[in-house]
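Visitor: I'd like to learn how to read a fold like this one, feature by feature. Could you walk me through it?

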Amino acid sequence: MDNKQITVTSPLLPNLDEFHALLKEIWDSKWITNNGSFHRQLEAALAEYLKVPYVSLFTNGTLPLLTALQALRITGEVITTPYSFVATTHSIWWNGCKPVFVDVDPKTGNMDPDKIEAAITPKTTAIMPVHCYGKPCDVRRIKEIADKYGLKVIYDAAHAFALEIPKNEADYKLAFDEANNVFNPSQTAKKLEVETESILNWGDMSTLSFHATKVYNTIEGGAMIMHDAETKKRIDYLKNFGFAGETIVVGPGINSKVDEMRAAYGLLNLKQVDAAIEARKKTANIYRDALRRVNGVTFYEDMPGVKHNYSYFPMFIDAEKYGMTRDELYFKMKEGNVLGRRYFYPLISEFSTYRGLESARKENLPNAHKMADTVICLPMHHELSYGDMEKILKLIIK
Ligand SMILES: *Cc1c(COP(=O)(O)O)cnc(C)c1O
């Protein structure tokens with residue numbers, strides 16, 4: 001019996017000798033934080049890698065959410081999704097705004113664009129969707145609605161590192177039409193070679209998390225993506241207490257400056273993230289091929305023309321057909337030394353801070369509840385072996 005525990009994730013770590021060499025440079029320079037050389041290099045390297053015009057580094061993925069709402073002077077109500085990590089809604093709360101939950105589309109796990117308009121009131125100023133599991137939101141639809149009502153859009157793109165969608169509208173439509181079938185495990189998305197663009201180009205701003213558990217990490221870290229130099233300048237002030245010069249403070253900024261150690265670590269990890277995504281893709285395809293034959297489990301397929309990042313492998317359990325509930329499977333796997341994760345469960349709308357809100361009522365969020373009650377994320381990272389995958393699948397396939 002193999003007793004090695006298989007964890008749900010494993011951090012992508014740079015080569016220690018290479019990291020040590022960069023640490024030596026930092027020690028020699030004695031410049032350890034405050035927009036140092038590695039900080040500037042990492043911002044430039046990420047902008048190029050992600051194919052976006054401007055990147056501003058942050059110390060985690062929560063502070064850029066808080067800062068985006070500050071920078072855009074968001075007030076009143078912000079429409080968001082309950083099916084996310086709790087930081088999404090916390091950022092709205094910390095800005096003194098009221099989160100308004102709308103239900104998700106079960107086919108994508110993302111905020112259902114058809115339900116946004118009904119949630120808009122005269123107090124609504126912004127929409128904060130999440131590209132859940134790295135599945136793209138329907139950014140074109142969301143933009144149409146936001147433009148119609150004069151709302152800002154801030155994407156929590158914590159799961160969307162390197163996610164690319166078809167650039168051209170017709171290819172985009174095809175990807176999203178086909179997406180209506182991606183929740184059907186009998187369907188394999190057709191390959192489509194098209195020109196793609198970063199999903200981070202959409203919305204007024206997008207935020208990323210570089211936490212240890214994400215596809216790309218700087219231990220703790222994050223970033224904001226913006227589209228123009230003026231905004232980049234303002235955000236850089238805001239993450240440095242609002243300092244715009246030695247003696248000038250232009251706003252109530254916060255401290256989210258990334259130190260040189262993490263920036264250097266991030267530069268090294270960026271060199272190996274493509275290989276890590278490739279390894280994750282192989283795992284996803286092995287899981288899918290094995291699970292397609294299992295009654296009562298569903299999962300997502302790739303969308304045609306979309307460059308996915310394979311950040312998570314969520315699987316949904318229909319207890320009646322599968323013969324076991326999600327929780328029963330979760331504990332069975334745990335006993336077999338395989339850690340899944342009930343992610344996202346419970347819903348954000350169920351936490352004490354938010355459950356009193358009108359929009360948090362269960363009747364308002366049936367799809368999100370169903371997903372939260374049936375989801376289990378399988379182990380997914382860059383160094384799962386075939387043996388690991390076999391062990392995991394054996395516990396699921398009876
Ligand atoms: C990880 C995550 C965050 C928060 O990022 P941190 O870097 O941990 O602060 C926010 N939103 C979502 C959807 C996340 O998954």
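Guide: Happy to. Let's begin with how the chain contacts itself: of the contacts between residues at least 6 apart in sequence, 75% join residues at least 24 apart. Keep in mind that this is a predicted model.

Visitor: How many helices and strands are there in the protein?

Guide: The protein has 13 helices and 14 strands. As for overall packing, the globule rule gives 21 Å for 398 residues, and the radius of gyration is 21 Å, so the protein is as compact as a globular protein of that length. The C-alpha trace spans about 65 × 55 × 45 Å along its principal axes.

Visitor: What share of the residues is buried?

Guide: We call a residue buried when its relative accessible area is under 20%. Here 55% of the 398 residues fall in that class. What stays accessible adds up to about 17,700 Å², with 53% of it belonging to carbon and sulfur atoms.

Visitor: And how are the charges spread?

Guide: Count each sign, then ask where the two sets are centred. There are 48 positive and 50 negative side chains, and the two centres lie 2 Å apart.

Visitor: Let's turn to strands. Which strand does β1 pair with, and do they run parallel or antiparallel?

Guide: For pairing, look at the bridges. β1 is joined to β9 (residues 222-226) by 5 bridges, and the two run antiparallel. One pair to find on screen is Tyr54, whose bridge partner in β9 is Met226. β1 itself covers residues 54-58, and 4 of those 5 residues are buried, so the strand is largely enclosed by the rest of the structure.

Visitor: How do I read the two faces of a strand?

Guide: In a regular strand, side chains alternate between the two faces of the sheet. Try β2 (residues 77-80): Glu77 and Ile79 sit on one side, Val78 and Thr80 on the other, and all of them are buried, which leaves both faces covered. For its pairing, 4 bridges connect β2 to β3 (residues 98-101), and this time the strands run parallel. Glu77 stands opposite Lys98 in β3.

Visitor: Is helix α3 enclosed or open to the outside, and why?

Guide: Count its buried residues. In α3 (residues 63-71), 8 of the 9 are buried, so the helix is largely enclosed by the rest of the structure. Among them are Leu63, Pro64, Leu65 and Leu66.

Visitor: What happens to the backbone just after α3?

Guide: Arg73 takes a positive phi there, about 55 degrees. As background, most residues other than glycine have a negative phi, and most peptide bonds are trans.

Visitor: Where else should I look for a positive phi?

Guide: Go to Tyr133, which has a phi near 60 degrees. Tyr133 is in the loop between β4 (124-128) and α6 (139-149), and with a relative accessible area of 5% it is buried. Then try Ala162, with a positive phi of about 70 degrees. Ala162 belongs to the loop between β5 and β6, and its relative accessible area of 16% makes it buried too.

Visitor: Where are there cis peptide bonds?

Guide: Check omega for these. The bond from Tyr343 to Phe344 is cis, with omega near 20 degrees, and another cis bond joins Tyr345 and Pro346, where omega is about -5 degrees. Phe344 is in the loop between α11 (326-335) and α12 (366-374), and Pro346 is found in the loop between α11 and α12 as well.

Visitor: What can I learn by comparing sequence separation with distance in space?

Guide: Take two pairs. Leu163 and Asn309 are 146 residues apart in sequence, with their C-alpha atoms 5.9 Å apart. Lys24 and Ala170 are also 146 residues apart in sequence, but 51 Å apart in space, C-alpha to C-alpha.

Visitor: Are Leu163 and Lys24 buried or exposed?

Guide: Leu163 counts as buried, at 1% relative accessibility. Its place is the loop between β5 (152-156) and β6 (164-166), and beyond its neighbours within four places in sequence, its contacts include Gly134, Glu197, Val306 and His308. Lys24 is part of helix α1 (residues 16-29), and at 47% relative accessibility it counts as partly exposed.

Terms used
Residues numbered from 1 in each chain as written. Predicted model: local features only at pLDDT ≥ 70, side-chain atom pairs only at ≥ 80, totals over all residues. Heavy atoms only, no water. Rg over C-alpha atoms; globule rule 2.2 N^0.38 Å. Buried < 20%, exposed > 50% of the residue type's maximum accessible area, 1.4 Å probe, protein only. Contact = heavy atoms within 4.5 Å. Areas by Shrake-Rupley, 256 points an atom, 1.4 Å probe, with all protein chains shown as cover. Lys, Arg positive; Asp, Glu negative; His and termini not counted. Charge placed at Lys NZ, Arg CZ, Asp CG, Glu CD. Pairing = 2+ DSSP bridges.
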